[in-house]
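I opened this notebook page to look up the disulfides and the surroundings of their cysteines. The entries below follow the order in which I looked.

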Amino acid sequence: MAVAAGSGCVAVLVLVLCMARWSAAGMGVNWGTQLSHPLPATTVVRLLKDNGFDRVKLFDAEDGILSALKGSGIQVMVGIPNDMLSDLAGSTKAAERWVTANVSKHVNDGVDIRLVAVGNEPFLQTFNGTYLNTTFPAMQNIQAALMSAGLGSQVKVTVALNADVYQSSSGKPSDGDFRADIHGLMLNIVQFLASSGAPFVANVYPFDYAFFQGSTSPVVDGGVTYQNTFDANHDTLVAALRRNGFPNVTVVVGEVGWPTDGDANANPEYAQRFNQGLLDHVASGKGTPLTPGAPVDAYLFSLVDEDRKSIQPGNFERHWGIFFYDGKPKYQLSLRGNGAGMLVPARGVEYLQRRWCVLKPDADLADQKVGDSVSYACGSADCTSLGYKTSCGGLDAKGNVSYAFNSYYQTEDQDDRACDFRGLATTTTVDPSTGTCRFIIGIAPTSTATRNVAARTAAILFALLLAGVF
């Protein structure tokens, strides 16, 4: 998930366009796993079921997660990372091995895998064509491997595409078409999807009139007035497909969400407003101007915050979850719309001790060791809640240092050596959280949600040797 943040609205929609022969119902969600301390997979599956999610979208085929989904009744979309496309495109045997290990094994064990997404935004223009020649062959080889395994009718192959694969020359949805430089490739892929009844996945990035409450500057397209970005983007893609001979398409929202921290426009109020507006819109059954009355299925983005995600697009990248890292809801959200199905927290979460790491009261902020230590802490842990108009933006200088120290301390499982910083830090049992700024307590390590202890210890010992830090 990559979005530019600025003065406009920070929102992301990922629309999954499904061919008529593939259908699903209910509410789905994206389950990302780039966390230093992920919840145990069994805990997350129970969280999904407690909240009524009947579909989940994964970005990789992680054995522990797929095993936890066994017998859950949850439909699964499994992703294949871009760095695997070349091998899968060049070798049918590699594709067969992947299917055997990541699909056949789990389907035979009772996991309801329905889709394999081969690649994630591989035609993004910033990739400079890196995956243009490997994505479609990889899709074909995975499809052939599924057919060979006897799963071709049960598990469909698709690809998650960025919204830049289509466009409207006029800005009106009715003028939607595929990007000129990849037009032929796109038609080949859409034909491939149509032949098997698989969905077409596209990531869409709207920045205007996004809250489903009307707009002072709506888009007028002939006799149709678009009051929200969701409908306009949806119908631009529908128009592109219809223009190129694929009119029998239903539209499913594969990813939709709003971040809650890390940017001036990312906060729980905006996130609740946007997500609830979307859910109410979906629950209304009104459809969009080009697909009136057609039901819309949705996958929210995302389930929990991920403190290991790249922040190259912006600090908000680590704050897309409707739940915090520990499975606690961030805000009230009616998943079925109109006040029904409010969020339920994760059960049985085990935490580390109620202990935090903070800057010593007598520490001198002018000491070079302070700046060096903060840089080290934030380079190894998550400090994206610090900054202008973020949840911890109101902290003073010492508060910022304490937040950084504690983030690192919790990431290192409250190891005593992780709260020293050359004598600058100390532990406390008094919660330093204030206002909207939450000083976290880490999740207790488990066999399914840990890092290697020996590797962590070695990292800390190495850090002790770094001059000017510890």
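Entry 1, terms. I call a residue buried when its relative accessible area is under 20%, exposed when it is over 50%, and partly exposed in between. I also note that the model is a predicted one.

Entry 2, count and pattern. I asked how many disulfides there are. Taking sulfur atoms within 2.5 Å as the criterion, I obtained three disulfides. With the bonded cysteines counted along the chain, I recorded the pattern 1-5, 2-3, 4-6.

Entry 3, Cys357 and Cys419. I found these two cysteines joined by a disulfide, with an S to S distance of 2.1 Å. I then looked up where the partners lie: the pair links distant parts of the chain, 62 residues apart. Cys357 belongs to strand S16 (residues 356–359), while Cys419 sits in the loop between helix H10 (397–411) and strand S17 (425–428). I computed a torsion of about 90° about the S-S bond of Cys357 and Cys419, so I entered this disulfide as right-handed. Is Cys357 buried or exposed? Its relative accessible area is 0%, so I listed Cys357 as buried. For Cys419 the relative accessible area is 8%, and I listed this residue as buried because the value is under the 20% limit.

Entry 4, Cys378 and Cys383. Here I found a disulfide whose sulfur atoms are 2.1 Å apart. The torsion about the S-S bond of Cys378 and Cys383 is about -90°, so I entered the link as left-handed. I next asked which class of accessibility applies to Cys378. With 28% relative accessibility, Cys378 counts as partly exposed, because the value falls between the 20% and 50% limits. Its partner Cys383, at 13% relative accessibility, counts as buried.

Entry 5, Cys392 and Cys437. I recorded a disulfide between these residues with an S to S distance of 2.0 Å. The torsion about the S-S bond is 90°, and I noted the link of Cys392 and Cys437 as right-handed. Where do the two partners lie? Cys392 is in the loop between helix H9 (368–380) and H10, and Cys437 is in the loop between S17 and helix H11 (453–464). I noted that this pair links distant parts of the chain, 45 residues apart. Cys392 has 2% relative accessibility and counts as buried. Cys437 likewise counts as buried, at 2% relative accessibility.

Notes: Residues are numbered from 1 along each chain as its sequence is written. This is a predicted model: local features need pLDDT of at least 70, side-chain atom pairs count only at pLDDT 80 or more; totals for chains, interfaces and linings use all residues. Side-chain values use heavy atoms; hydrogens and water are left out. Helices (H or I, at least four residues) and strands (E, at least two) are DSSP runs, numbered from the N terminus. Buried means under 20% relative accessible area, exposed over 50%, partly exposed in between (1.4 Å probe, protein chains only).
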